[in-house]
Amino acid sequence: MILCTTDNVPGREIRETVGLVRGNTVRSRHLGRDISAGFKRLVGGEIEEYTKLLAESREQALDRMMAEARARGADAVVGLRFTSSEISAGSAEFVAYGTAVKLAH
Amino acid sequence: MSANIQEPSREQLLAMAYVDGELNEAERADFERELSARLDLRREVVQLRRLELLARHAAPAEPMDHEWRRLERDPLHRGSTLLGFAGLAVGAIGLAGYGAWSLWTSTMETTPKLLLGALCLGALLLFLATLRARLRTLPFDPYTEIER
């Protein structure tokens, strides 16, 4: 599966547009990690607990988007975008979306 | 090279192809039917997904990572973290128990006492059910390995 943030795949011709595909997830860390993160907010620096939380969410959203694209017979996803928001304190929502396409072989 | 390296079985090859999205629609449907019926196959797929995520995230270590690993091994850091969390846990459980005992022995009327008890018991049961669900699904969550 080719993933591109551009509107086309360089060097390849788009044969058919399958349509919008997306994947999303909302994840959180456990209370112990939230407590550690709270103390790190007091002293500054990177909060690894939340870096990891965002990374987990990003990859899961991406996998879900790719799974949908595969299920619909696509070869690639173009115009890939990520967006995130906070549903509740300490949880991260991540959405990956793009246009699934079939490429000329 | 060892001569004991085993060739992957047909089932393992199918699981790899499934994780990599190389199965056609009919093959995928067949495999997913098998997957829904077999716990060992689900575990195999999760392991392969973990491996695929690891390969995708073969990020080079940063200087700070080594310092974090060193700190994690440091007895003072480990001890203070452990004692800190133990203190929080003992304090929280102790306060909850003291609160429950104070309520039980208070002069409050029986009805609000029972309602408050039901509220606390309900919250505890919901928490335990959620914790059980998380512990049951944790082995099937490959994303916990991702660092950044």
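**Pairings in the chain A sheet, and the helices of chain B**

Colleague: Let's start in β4(A): which residue is the bridge partner of Ser84(A)?
Modeller: This is a predicted model, so keep that in mind throughout. β3(A) and β4(A) run antiparallel and are joined by eight bridges. In one of the pairings with β4(A), Ser84(A) has as its bridge partner Phe94(A).

Colleague: And which residue of β4(A) does Val78(A) stand opposite?
Modeller: We stay with β3(A) and β4(A), which run antiparallel. In β4(A), the residue opposite Val78(A) is Thr99(A).

Colleague: What about the turn: which residue there has a positive phi?
Modeller: β3(A) and β4(A) make a hairpin, and five residues sit between them. In that turn the phi is about 85° for Gly90(A).

Colleague: Is Ala89(A) buried or exposed?
Modeller: Ala89(A) belongs to the loop between β3 and β4 of chain A. Being exposed takes 12 or fewer other C-beta atoms within 10 Å. Ala89(A) has 7 of them, so it counts as exposed.

Colleague: How many Å apart in space are Ala89(A) and Val78(A), C-alpha to C-alpha?
Modeller: In sequence, 11 residues separate the two. In space, C-alpha to C-alpha, the separation is 32 Å.

Colleague: Zooming out, which are the edge strands of the sheet in chain A?
Modeller: The sheet is open and has four strands with mixed pairing, in the order β1-β3-β4-β2 (chain A). An edge strand pairs on one side only, and that picks out β1 (2-3) and β2 (14-28) of chain A.

Colleague: Which helix packs on that sheet?
Modeller: Take β2(A), which runs antiparallel to β4(A) (residues 91-103) and is joined to it by 13 bridges. One of these pairings with β4(A) puts Gly19(A) and Ala100(A) together as bridge partners. The helix touching β2, β3 (76-85) and β4 of chain A has a direction at about 145° to that of β2(A), and is α2(A) (residues 48-71).

Colleague: In which sense do β1(A) and β3(A) pair?
Modeller: Strands of a sheet pair through backbone hydrogen bonds, in one of two senses. For β1(A), Ile2(A) has Ala76(A) of β3(A) as its bridge partner. The pairing of β1(A) with β3(A) covers two bridges, and its sense is parallel.

Colleague: Over to chain B: how many Å apart are the end C-alpha atoms of α6(B)?
Modeller: Helix α6 (residues 110-137) of chain B has 28 residues, and at 1.5 Å a residue the expected span is in agreement with the model. It is hardly covered, with zero buried residues. Its end C-alpha atoms are separated by 40 Å.

Colleague: Does α2(B) lie largely in the open or under cover, and what number of its residues is buried?
Modeller: Helix α2 (residues 25-37) of chain B should span 18 Å at 1.5 Å a residue, and its end C-alpha atoms are 19 Å apart, which agrees. It lies largely in the open, because the number of buried residues among its 13 is zero.

Colleague: Finally, how many residues of chain A are in contact with chain B?
Modeller: The predictor's ipTM for the complex is 0.82, and its pTM is 0.82. Chain B has a mean pLDDT of 88, with 96% of its residues at 70 or more. Eight residues of chain B are in contact with chain A, and the count on the chain A side is 10.

Colleague: By class, how many residues on chain B's side are nonpolar?
Modeller: The side of chain B that touches chain A includes two polar and two charged residues. The nonpolar ones number four.

How values were computed:
Residues are numbered from 1 along each chain as its sequence is written. Chains are lettered from A and ligands numbered from 1 in the order in which they are written. This is a predicted model: local features need pLDDT of at least 70, side-chain atom pairs count only at pLDDT 80 or more; totals for chains, interfaces and linings use all residues. The expected span of a helix is 1.5 Å times one less than its number of residues. A residue is buried if 20 or more other C-beta atoms lie within 10 Å of its own, exposed if 12 or fewer, and partly exposed in between; C-beta atoms are placed from the backbone. pLDDT is the predictor's confidence in each residue, from 0 to 100. Two residues are in contact if their C-beta atoms, placed from the backbone, lie within 7 Å. Ala, Val, Leu, Ile, Met, Phe, Trp, Tyr, Cys and Pro count as nonpolar, Asp, Glu, Lys and Arg as charged, and the others, Gly among them, as polar. Two strands pair if DSSP finds at least two bridges between them. Axes are lines fitted to C-alpha atoms, for helices over the stretch in contact, and angles run from 0 to 180 degrees between N-to-C directions.
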